[in-house]
Amino acid sequence: MRWRSIIQSTLAVLLLGAGRAVAQDVGGTVLDSRTGRTLEGAQVTVTGSNRTARTDGRGQFLITGLSGEVTLRVTLIGYRPQTVTTSAGRTDLRILIAEQAVNLGEIVVTGTPEAAEKRTLGNVTATIHAAEQQIFAPAPDVSNLINSRAPGVVVIPGTGQVGSGPQVRIRGVNSFSLNGNPLIYIDGARVNNDVAQGISVQGFGSGISSRLNDIDPDNIESIEVIKGPAAATLYGTEATNGVIQIITKKGKAGPKPVVAVSVRQGSNWFANPEGRIVQPMNRVDVQTGGPCGATSTCEVRSWNPVRQEDSLFQAGVTDRPLFTNGHLMGYGVSVSGGNESIRYHVGTSLDADNGIEPTNNMRRLSTNANVAIAGGAAYDINVSFGFVKNKTNQAFEAGAGGIWFSTIFGDPALVPSPRRGFNGAPPEFQWGSRQALLSINRYTTSVTINHRPTSWLSQRLTVGLDQTDQAAEQLNRFLPPEWVQFNPGAGALGLKFKGRRTVNYSTFDYNASARASLTADIKSTTSFGAQYYRRRTDDLQAQKDQFVAPGLETVLSAAANPFAFEDFVENSTLGVYGQQQFGWRDKFYLTAAVRVDNNSAFGDNFDLIAYPKVSGSYIAREGAEGFLNTLKLRAAYGQAGQQPVAFAALRSWQAVTGGDGAGAPIPQFVGNPDLRPERAAEIEVGADAGLFSDRLGFAMTAFTKTTRDAILLQNLAPSLGFAGTQFINVGAVRNRGLEAEIYGRPVERENFALDARFSLSYIKNKVTDLGTRADGTKILSLGNGQATVGDPVNARYNRRAVKADYDPVTGRAINVLCDDRVGGPGVPCATAPLVFNGQFDPTTEGSFSLTATLWNRFRIYGLADFKAGNVHVDNNRRALCQVFLRCVENFNPQDYDPKLVAEIQSAGTVTSFAVSKADFIKLRELSLSYQLPRRIARWFRASDGNVALSARNIHTWTGYSGLDPELYFVTQQFVRLEQDQTPPLTSVNLSVNLTF
C-alpha cells in the first residue's frame, strides 16, 4: 500500500514537471537596432498560432503557455519585420529590429489640419528623432540637435560662448530687411524665437542669446521641419521662412513607472589658440622693449599673448592663463508611465556649463511634464507644461571689447607696460571691471483636445501660452586705484543698467475634419480651421552712471545721467483656412487649401490676404521585392507671408520737453498706410525611394520660391519732416534649390552593422525686381553697394584694386586703380564703384554621418558637415592691418602683391582683401557609446543603461583667413562679419544614462 502511494506521488510530480515543460513563458525586450532604444507597441506573434503580445513602455513583452521551440515574428510600423527562433522558457530575449528606409506610415503633425501619414503629403517634411540621437551622441542644446540633420536647414552659431544661440536659415534668405528665422512651435503652441537677446556684449546692438536654446534637448522626443510656403500655407502670414515644431516626450503605458537618470561631465576649450590667433607686430626699442623712439635702435617683433600669459601663470605672476578649460556638467531625472487611460512623463534637468573665460557660464534648470488622457474612442486630451530657469553670465567680445579685442589687436611695444602688450587693458581688468548677466524665467504650456463625436467627424482644439520673463543687467564696477589708468575719468566710477522684457505668445488653434467614402476607391477629407496668434512685448529699462562709493551695484546707488524707458508692442494675427483632400486606393492623394489672414501690422489701406495651396502624392511602388521597394512621387505649390514689423505702418509721435518746460510732440516714425506683407510662392517637386529591401532610402526635392512685395527699410530725406527710415514694399527675391539625401543601413551582419546618411543642398538666390520709377523705367539698383537686380539679396560689395605697382623707396603702392565694374582698365579708387564680391550665405551645404554597431552594444558615431559658395568678412584682419597697422604686410610690403599692399594702405577705402572665401568642412561630432549588459546595469539596481563619450567641433578644414568661418554678429540678418568673437569651442562629454 505504501509503495503504491510512493509510485503515485512520483508519477504526479513527473506529470506536473512535464506540464510545466509544456506550458512555459517566452519574453524579452524589442529594441531599435541602430540606437538600442526600447520600442513600445511592437507586435510579437508566435508563427503558426494566434498567440500575440505587444511591447509596453519598456519595450518588454511576455507570451505564456508555450512549449518546445517557437518562432517569433516582430512587426512595428516603420520597421522591417524580424523573425527569431527560440526555446520556450526564455524570458531574456533581446530582439533588434531595423527601421525601414522609407516609412510612409510615419505620422506628421506639422503643416496639416490633423495628424497625417507621410504617404499623404505632397511636400517634404524632415523629422529629427531627437530622443534617439541623445542616447549615443547627446547635443548640449537644440541648435546642435538640428544642425546638419536636415538638408536646406542652416544653423549659424555666431559665437562659441556658453549660453549663446544661433540664427537658423531654411532654404536661404527671402527679404531685404525682415527677420529670416523660422517659426518655432512646442507641442502645437507658438513660442518665442528671438535672437541676439540680452546685453549687447558683441557691441553694435548685438546680444548673443537665442530663445531657441532655452529648451532642454533631453526633454524632446522629435523635431519636425517644414521648409517653406509649399508646406507652411496653413500657418499663413509669418510662415515664409518655414516652421520648426518641437514635440516633447510623452508617457508610455507599462506595469510600473520607468525612472531614467542621466549624468554628464565634460570640458570645453579653445583648440590651438597659438596657431589661430594672428600675432600682432610692431617696431620696438631693442633695449627697453617699449615703443620705438626717434633715436632708438629698433626691430620688428611679434607678440604671442597665449604663450606670454601661460608663462606668467606658471610663474605665479597672474591668477590664470589667457584661456582655460571650462567644466561642463548636467544631471537629469525623469519618470514616465501610466495605463491605457492616462499616461504621464515628468522630467527635470540641471545644467551647469562654464566657458573659457571666468565671466562666461550658464546655469539652467528645466522641467517638462506631459499628461495624456484617453477617453476611449470619443476623445483624448494632451497637456504639456515646461518651465526653464536660466542664468547666463556673458563675456564681452567683438565691438564691445573684452579680452578678444585687447588680444587680437595687441601691441608688442606695450609689453613692458602695465598693459603687458594688450590693447587697452590686461585680461584681469577685462574680467573684473564689468559683467553682463541674462536671467530667464520661461513658462510654456499647451492643452490639446481631440474630439471624435462620430466615426466620420473629428475636431481638435489647441490652446497655448509661452511667457518669457527676461532680465538683462550690465554692471561696470567702481574701479580700484590700480585699474583707473585703464579707464580714467567718469568711466572709472562705473554704471548699472537693468532691463526687463516680458514676451507673451498666445495660441488658439481650432480645426475640424470630416471624412467620407465617395466610392469604394475614393476617400474624401474636408477640413476647416481658425487660428489666432498674439504676441505682446513689454520693455522696462533703467540706468545710472557713477557710483558714489566702491562696492555699490544698484541703479539707485549711482548718481549721474539717469535714464528710464518703458514701452510695449502688441501684434495679432487672425486666420481661417479650408482644405480638401481626396485619396484614391491609398496610392494617390490630391490636396487643395486656402488660408485668409489679417494682421495688426498691415497698413490701413490693406485688409485681408489669401494664401492658396495645392499638392499631390503618388505611391508608385510599395512593399516590392528587389532593387526598388518603395517609390513616392510628390509635388506641392503654396504661398505664405511675412508680416511687416509691428507698428511699421503707423505714423507715430514722441514726447519731448518743449521750450517752456512743458511736454511737446515731435515726429517719430512716418509709417506707411499702404504697407503689405511679403508674399512668397513656392513650387517643390520630389521623390522618396526605398532601395535594396528597404535598407537604403533616397530623397530628392527641387524647389523655386519667389518672394514678392519684399519689404525694404529705406532712409528718408529730412525735408519730409520725419527723419529716419520707412518700411516699403519693393521688388522680388527668388530662391532656387535642390536637396538630396541618401540614408540607411548598407551593411548588416550578425555582429556588425553600418548606418550611413549623406545630405546635400544647393540654393541660389537673386534679386529679380526692384520696381519702377515714376517714368515707368525699371529700377536696376537701389544704389552703390545696395540691392541690385541679378545679384543675391545678401551680396557683399567692395572696392577692389586691379592694378598697382610697388615703390621700394617709399615702401608704398603707387599707380593704383580699382575695378570699374564694366571690365575696363580701372579707375582711381577714391571714385571707384563698389563691385560684387560674393554672397554671405552658402550656396552649398551638406553633411555625412556614419554609425557602426558592434555586437549590438558598441556604437561608434561620426558627423562631418560642410558649407561652400559664400564669403565672410575677416574684420580682425582689416582692423589689424588698416586701423592698428600691426600686420606683417605693414612691415614687409615688398614681400606681397602690390594690389594687396595698395588695399591695406588705402586707409579703409578699399577692403576687398578682408573678404575671404568661407568654405569649410568640420568634423562636428564623434561619439562612442556602450549599451550596458543587464548584469552590469543591476550593479546600480537598474534594468538598463548606456555610457557615451562624445566630442564636438573636433577639427575644421578651411582656407578662411580668420578664427572660424562661422563667427559673426548674431543680430545681423545678412552680413557675416567676424570681429574678435569667441570661436566655437571643442568639447568632450562623458554621459551615463540608467533606467530603473
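1. A convenient place to enter this predicted model is Thr843, which sits in the loop between strand 43 (835-839) and strand 44 (844-854). Although it belongs to a loop, Thr843 is buried, with a relative accessible area of 9%. Leaving aside residues up to four places away in sequence, Thr843 touches Ser761, Tyr762, Ile763, Ala868 and Gly869. One of these partners, Ile763, is 80 residues from Thr843 in sequence, yet the two C-alpha atoms are 4.9 Å apart in space.

2. Turning to the chain as a whole, the protein chain has twelve helices and 51 strands. Its radius of gyration is 32 Å, close to the 30 Å that the globule rule gives for 996 residues, so the chain is as compact as a globular protein of that length. Along the principal axes, the C-alpha trace spans about 130 × 75 × 60 Å.

3. How much of the protein chain is buried? Buried residues make up 53% of the 996 residues. Among the contacts with a separation of 6 or more, 69% are accounted for by residues 24 or more positions apart. The protein chain exposes about 41500 Å², and carbon and sulfur atoms supply 58% of that area.

4. As for charge, the protein chain carries 96 positive and 88 negative side chains, with the centres of the two sets lying 6 Å apart. The structure holds 52 salt bridges, a few of which are taken up in the points that follow.

5. Which parts of the chain does the salt bridge between Glu622 and Arg119 link? The side chains of these two residues meet at 2.8 Å, N to O, and the pair links distant parts of the chain, with the partners 503 residues apart. Glu622 lies in the loop between strand 30 (609-621) and strand 31 (628-642), whereas Arg119 lies in the loop between strand 9 (116-117) and strand 10 (125-128). The surroundings of the two partners also deserve a remark: Glu622 is partly exposed, with a relative accessible area of 46%, while Arg119 is buried, with a relative accessible area of 6%.

6. Two further salt bridges can be set beside that pair. The side chains of Glu340 and Arg343 meet with a distance of 3.8 Å, N to O; here Glu340 counts as exposed at 61% relative accessibility, and Arg343 is partly exposed, with a relative accessible area of 23%. In the salt bridge between Lys803 and Asp805, the closest N and O atoms are 3.8 Å apart. Lys803 counts as partly exposed at 37% relative accessibility, and Asp805 is likewise partly exposed, with a relative accessible area of 32%. Elsewhere, Arg171, Lys227, Glu682, Glu684 and Glu739 are joined into one network by salt bridges that share partners.

7. Helix 9 (residues 875-883) offers a view of how a helix is packed in this model, and its buried residues are Asn875, Asn876, Ala879, Leu880, Cys881 and Gln882. These buried residues pack against helix 7 (403-408), strand 46 (871-874), helix 10 (888-891), helix 11 (898-904) and strand 50 (977-978). Just after helix 9, Leu885 takes a positive phi of about 55°.

8. Positive phi values also appear in loops between strands. Arg585, which is not a glycine, has a positive phi of about 55°, and this residue is found in the loop between strand 28 (558-584) and strand 29 (588-599). Asp709, another residue other than glycine, has a positive phi near 55° and is found in the loop between strand 35 (696-708) and strand 36 (711-716). At 25% relative accessibility, Asp709 counts as partly exposed.

9. A last site to inspect is Ser987, which is found in strand 51 (residues 986-995). Is Ser987 buried or exposed? With a relative accessible area of 10%, Ser987 is buried. Setting aside residues up to four places away in sequence, Ser987 touches Ser267, Asn268, Trp269, Leu328, Ser950, Ala951 and Arg952.

How values were computed. Residues numbered from 1 in each chain as written. Predicted model: local features only at pLDDT ≥ 70, side-chain atom pairs only at ≥ 80, totals over all residues. Heavy atoms only, no water. Helix = DSSP H or I, 4+ residues; strand = E, 2+ residues; numbered from the N terminus. Rg over C-alpha atoms; globule rule 2.2 N^0.38 Å. Buried < 20%, exposed > 50% of the residue type's maximum accessible area, 1.4 Å probe, protein only. Contact = heavy atoms within 4.5 Å. Areas by Shrake-Rupley, 256 points an atom, 1.4 Å probe, with all protein chains shown as cover. Lys, Arg positive; Asp, Glu negative; His and termini not counted. Charge placed at Lys NZ, Arg CZ, Asp CG, Glu CD. Salt bridge = Lys/Arg side-chain N within 4 Å of Asp/Glu carboxyl O.
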